[in-house]
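Got a minute to go through a model together? Let's take the labels people hang on residues and ask what backs each one up.

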Amino acid sequence: GQNSTFLGQDGEQLTREALNCLFPKAEVIDTHAQGGKGDFVLKEDNICCLIETKNHKTNVGRGDIDKFYLDIEHNADIQCGIFASLKSGVVNRNDFHLEFRNKKPILFLTHVKNNMKHIKIALMVFHLLLSIKHLDIHEKEKIDRVKHIIPVIKRKWTSLRTTLATFQTTMGQLIDEQENAIKLLLTI
């Protein structure tokens, strides 16, 4: 039960069953075996929603979020998305954290295993958002993207500073060694 593949499969099975119970009239398509399509696509009324589930014991990390963003951005038929962490949180995001990617609303849900009805609430939010004809989310999407990239930039700055300091130390040592070699040569 500790293997991440088995945990993922258990989480997908649990989510599939919950989706079929919560949305008996909807079409639930299992897409986990297809690359770049999330775990499920839920088609209900006029909404096509991509759902990604994670069954981690610790907070879901940035890499999984980035993959989810790519899935949302590269599927034109998808109108919205849910990132559902079954047993944990999602790094830097609260429960029901709302973002936009390519003008598509996405919600991050945490600890969903005991709150599967949150998926139904998320779909209600999407119905509401997608029904607003002239919703201007351009600025919100820009802010979301900036908030997501700032930690990456900060980590790279730190890495650059460390690399530069190491380079400076190494060059100083090499100069000292060369200077000592020249002094030794001149004393012969």
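Q: Are Phe68 and Phe108 buried or exposed?
A: Phe68 is buried, and Phe108 is buried too. Bear in mind that this is a predicted model.

Q: What makes Phe68 count as buried?
A: The cut-off for buried is under 20% relative accessible area. Phe68 comes in at 1%, so the label fits.

Q: Why is the pair of Phe68 and Phe108 called edge-to-face?
A: Start with how such a pair gets described: by the distance of the ring centres and the angle of the planes. To pair at all, centres must lie within 6.5 Å, and edge-to-face needs planes over 60 degrees apart. For Phe68 and Phe108 the centres are 5.9 Å apart and the planes make 70 degrees, so both conditions hold.

Q: What does the pair of Phe68 and Phe108 tie together?
A: Phe68 belongs to helix α2 and Phe108 to strand β6 (residues 104-109), so the pair joins parts that are 40 residues apart in sequence.

Q: How many aromatic pairs does a search of the whole structure find?
A: Four. Another of them is Phe68 with Phe83: the centres are 5.2 Å apart and the planes at 70 degrees, so this pair is edge-to-face. It also links distant parts of the chain, with Phe68 in helix α2 (residues 62-73) and Phe83 in strand β4 (residues 80-85), 15 residues apart.

Q: What makes Phe83 buried?
A: Its relative accessible area is 0%, and the label asks for under 20%.

Q: Which residues do the ring pairs link into a cluster?
A: Phe68, Tyr69, Phe83 and Phe108.

Q: How do you know that the charged end of Arg93 sits over the ring of Phe108?
A: The distance part of the test is within 6 Å of the ring centre, and there is an angle part too, within 35 degrees of the ring normal. The charged end of Arg93 is 4.9 Å from the centre of the Phe108 ring, and it does sit over that ring. Tyr69 has a partner of this kind as well: Arg101 lies over its face, at 3.7 Å from the ring centre.

Q: What makes Ile82 buried, and where does it lie?
A: Ile82 lies in strand β4. At 0% relative accessibility it falls under the 20% limit, so it counts as buried. Setting aside neighbours within four places in sequence, its contacts include Cys49, Phe68, Leu107, Ile119 and Phe126.

Q: Which residues touch the most other members of the largest nonpolar core?
A: Phe23, Cys49, Ile82, Ile119, Leu123 and Phe126, out of 22 residues in that core. The elements giving two or more residues to it are α1 (4-22), β2 (40-44), β3 (47-54), β4, β6 and α3 (117-131). Helix α3 gives the most, with four. Ile119 touches Leu19, Leu22, Phe23, Ile82, Leu109 and Val112, again leaving out residues up to four places away in sequence. Apart from this core lies another, of 13 residues, with Cys48, Ile78, Phe83 and Phe108 among them.

Q: Why is Glu12 called buried?
A: Its relative accessible area is 12%, and the cut-off is under 20%, so Glu12 makes it. Glu12 is placed in helix α1. Beyond residues up to four places away in sequence, it touches His32, Asp39, Phe40 and Thr53. With Asp39 the C-alpha to C-alpha distance is 7.3 Å, though the two are 27 residues apart in sequence.

Q: What makes Ser85 buried?
A: A relative accessible area of 0%, against a limit of under 20%. Ser85 is found in strand β4, and its contacts beyond four places in sequence include Lys54, Val60, His111 and Val112.

Q: How do you know that the protein as a whole isn't a compact globule?
A: For 188 residues, a compact globule would have a radius of gyration near 16 Å, but this protein has 24 Å. The C-alpha trace spans about 95 × 45 × 25 Å along its principal axes. As for burial, 37% of the 188 residues count as buried.

Q: What is the order of the elements from the N terminus on?
A: They run α-β-β-β-α-β-β-β-α-α, which is four helices and six strands.

Conventions
Residues numbered from 1 in each chain as written. Predicted model: local features only at pLDDT ≥ 70, side-chain atom pairs only at ≥ 80, totals over all residues. Heavy atoms only, no water. Phe/Tyr/Trp six-rings, centres within 6.5 Å; stacked < 30°, edge-to-face > 60°. Buried < 20%, exposed > 50% of the residue type's maximum accessible area, 1.4 Å probe, protein only. Contact = heavy atoms within 4.5 Å. Rg over C-alpha atoms; globule rule 2.2 N^0.38 Å. Core = buried A, V, L, I, M, F, W, Y, C linked by side-chain atoms within 4.5 Å.
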